[in-house]
Amino acid sequence: MESHDFAWAAGFFDGEGWANRQRRGVNSRINQAGPDGIPEVLIKFQRIVGVGRIHGPVIIEGRQPLYYWDATSRPDLVQIVERTLATPLPPMVWPGSMSEELAWAGGFFDGEGSTYLEKHRTHPDYFYPVLYVPQSADIGVAPELLRLLSAVNGIGRISGIRRHGPDWRPYRRWRVVTALKVQAVLHLLWPFIGDVKRSQARHVMETIHSQPDLPRGNPAFGAAGARFCLRGHDKWNARIRPFKGRGKNEEDPLNHLRQCLACVREDAKARRNRKRRP
């Protein structure tokens with residue numbers, strides 16, 4: 001068994017596993033849904049750690065069949081810790097094949113991550129790819145998300161605190177949302193993720209690559225970089241007060257010319273007029 005196999009198992013357990021103390025000892029468990037039988041990630045995890053049993057399916061109406069791996073003896077749990085969490089990590093090498101940090105990230109993504117499509121905000125019938133991993137933490141950012149971000153060379157962003165409802169624990173999410181960055185992360189993780197996540201990612205990227213390239217800019221603003229907007233305003237001379245850049249505008253002094261300020265003022269005036277009482 002190679003060291004990156006143990007790193008993968010550690011990442012998978014960090015994402016999906018839990019352990020607690022019971023009256024008769026301790027128990028460690030990993031749940032996974034499997035519509036087509038035992039999920040291959042559970043079989044892979046059991047093969048790497050060499051202990052525990054896989055049970056199931058547990059059938060609940062309206063849900064996919066549930067399988068779970070568990071280990072209930074103290075010697076088994078000690079072996080799991082020694083083989084996964086206590087394995088020293090050697091220095092990073094080429095990220096596409098042997099990095100133990102990427103192996104850990106692949107296991108964590110197998111347990112917690114997903115790749116899916118979202119509708120483009122301004123272009124109907126267009127989609128963009130998303131890599132998504134949520135993780136809750138009682139204080140601050142979950143260390144697993146920070147480790148994942150570091151393993152993929154800082155690609156993606158970790159969100160602020162989110163909550164689905166009053167009964168949900170607050171969580172943060174790591175996301176990657178542009179096609180080039182999604183491809184870069186998938187290239188790094190590909191040797192270490194399982195068939196389910198690969199099939200999911202392959203379907204998403206096939207859809208993305210089947211779409212024609214989008215034109216730059218917002219069509220409502222006219223051709224990208226054009227001086228005149230679609231209503232004929234001179235965008236370059238539409239500013240009333242001198243421009244004062246903030247943040248990235250300092251890096252691109254023409255950034256404030258992308259949108260027609262004359263149109264902005266006309267649209268704002270029209271909105272105010274609609275709100276006025278007759």
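**Helix contacts and odd backbone spots**

Student: Which residues in H5 do Glu 101, Leu 102, Trp 104, Ala 105 and Phe 108 in H4 meet?
Tutor: Keep in mind that this is a predicted model. H4 covers residues 100–112 and H5 covers residues 143–151, so we want partners from that second stretch. Those five H4 residues meet Glu 144, Leu 145, Arg 147, Leu 148 and Ala 151.

Student: By class, how many nonpolar residues does the contact of H4 with H5 have?
Tutor: Sort the residues of that contact by class. No polar residues take part, and three are charged. That leaves the nonpolar ones, and they number seven.

Student: How are H4 and H5 oriented to each other?
Tutor: Two packed helices are described by the angle between their axes and the distance between the axes. For H4 and H5 the axes are 9 Å apart, and the angle is about 125°. H4 passes H5 in a left-handed crossing. Angles over 145 degrees count as roughly antiparallel and 65 to 115 as roughly perpendicular, so H4 and H5 come out as oblique.

Student: What about H6 and H7, how are they oriented to each other?
Tutor: Their axes come within 12 Å and cross at roughly 150°. The crossing is left-handed. An angle over 145 degrees has its own label, so H6 and H7 are roughly antiparallel.

Student: Which residues in H7 do Ala 179, Val 182, Gln 183 and Leu 186 in H6 meet?
Tutor: The H6–H7 contact divides into six nonpolar, two polar and no charged residues. On the H6 side, Gln 183 is one of the residues taking part. On the H7 side, the partners are Ala 201, Met 205, Ile 208 and His 209.

Student: Is Pro 191 buried or exposed, or something in between?
Tutor: Pro 191 sits in the loop between H6 and H7. Its C-alpha atom is 8.1 Å from that of Ala 103, although the two are 88 residues apart along the chain. Buried needs under 20% relative accessible area and exposed needs over 50%. At 37%, Pro 191 is therefore partly exposed.

Student: Which residues does Phe 228 touch, leaving out those up to four places away in sequence?
Tutor: Phe 228 is in the loop between H7 and H8, and at 47% relative accessibility it counts as partly exposed. Its C-alpha atom lies 8.2 Å from that of Cys 260, which is 32 residues away along the chain. The residues Phe 228 touches are His 233, Asp 234 and Lys 235.

Student: Where is the peptide bond that is cis, with omega near 10°?
Tutor: Most residues other than glycine have a negative phi, and most peptide bonds are trans. The second residue of this bond, Pro 57, lies in strand E3, residues 53–58. The cis bond runs from Gly 56 to Pro 57.

Student: Which residue in the loop between H5 and strand E7 should I look at, given a positive phi of about 65°?
Tutor: Asp 125 has a positive phi too, about 70°, but Asp 125 lies in the loop between strands E5 and E6. It is exposed, with a relative accessible area of 72%. The residue you want also counts as exposed, at 55% relative accessibility. In the loop between H5 and E7, go to Asn 153.

Student: What share of the 278 residues in the protein chain is buried?
Tutor: The chain has eight helices and eight strands, and it exposes about 17700 Å². With buried taken as under 20% relative accessible area, the share is 36%.

Key:
Residues are numbered from 1 along each chain as its sequence is written. This is a predicted model: local features need pLDDT of at least 70, side-chain atom pairs count only at pLDDT 80 or more; totals for chains, interfaces and linings use all residues. Side-chain values use heavy atoms; hydrogens and water are left out. Axes are lines fitted to C-alpha atoms, for helices over the stretch in contact, and angles run from 0 to 180 degrees between N-to-C directions. Helices (H or I, at least four residues) and strands (E, at least two) are DSSP runs, numbered from the N terminus. Angles under 35 degrees count as roughly parallel, over 145 as roughly antiparallel, 65 to 115 as roughly perpendicular and the rest as oblique. A crossing is left-handed if the near helix is turned anticlockwise from the far one by less than a right angle, and right-handed if clockwise. Contact means heavy atoms within 4.5 Å. Ala, Val, Leu, Ile, Met, Phe, Trp, Tyr, Cys and Pro count as nonpolar, Asp, Glu, Lys and Arg as charged, and the others, Gly among them, as polar. Buried means under 20% relative accessible area, exposed over 50%, partly exposed in between (1.4 Å probe, protein chains only). Accessible areas come from the Shrake-Rupley method with a 1.4 Å probe; for residues, only the protein chains shown count as cover.
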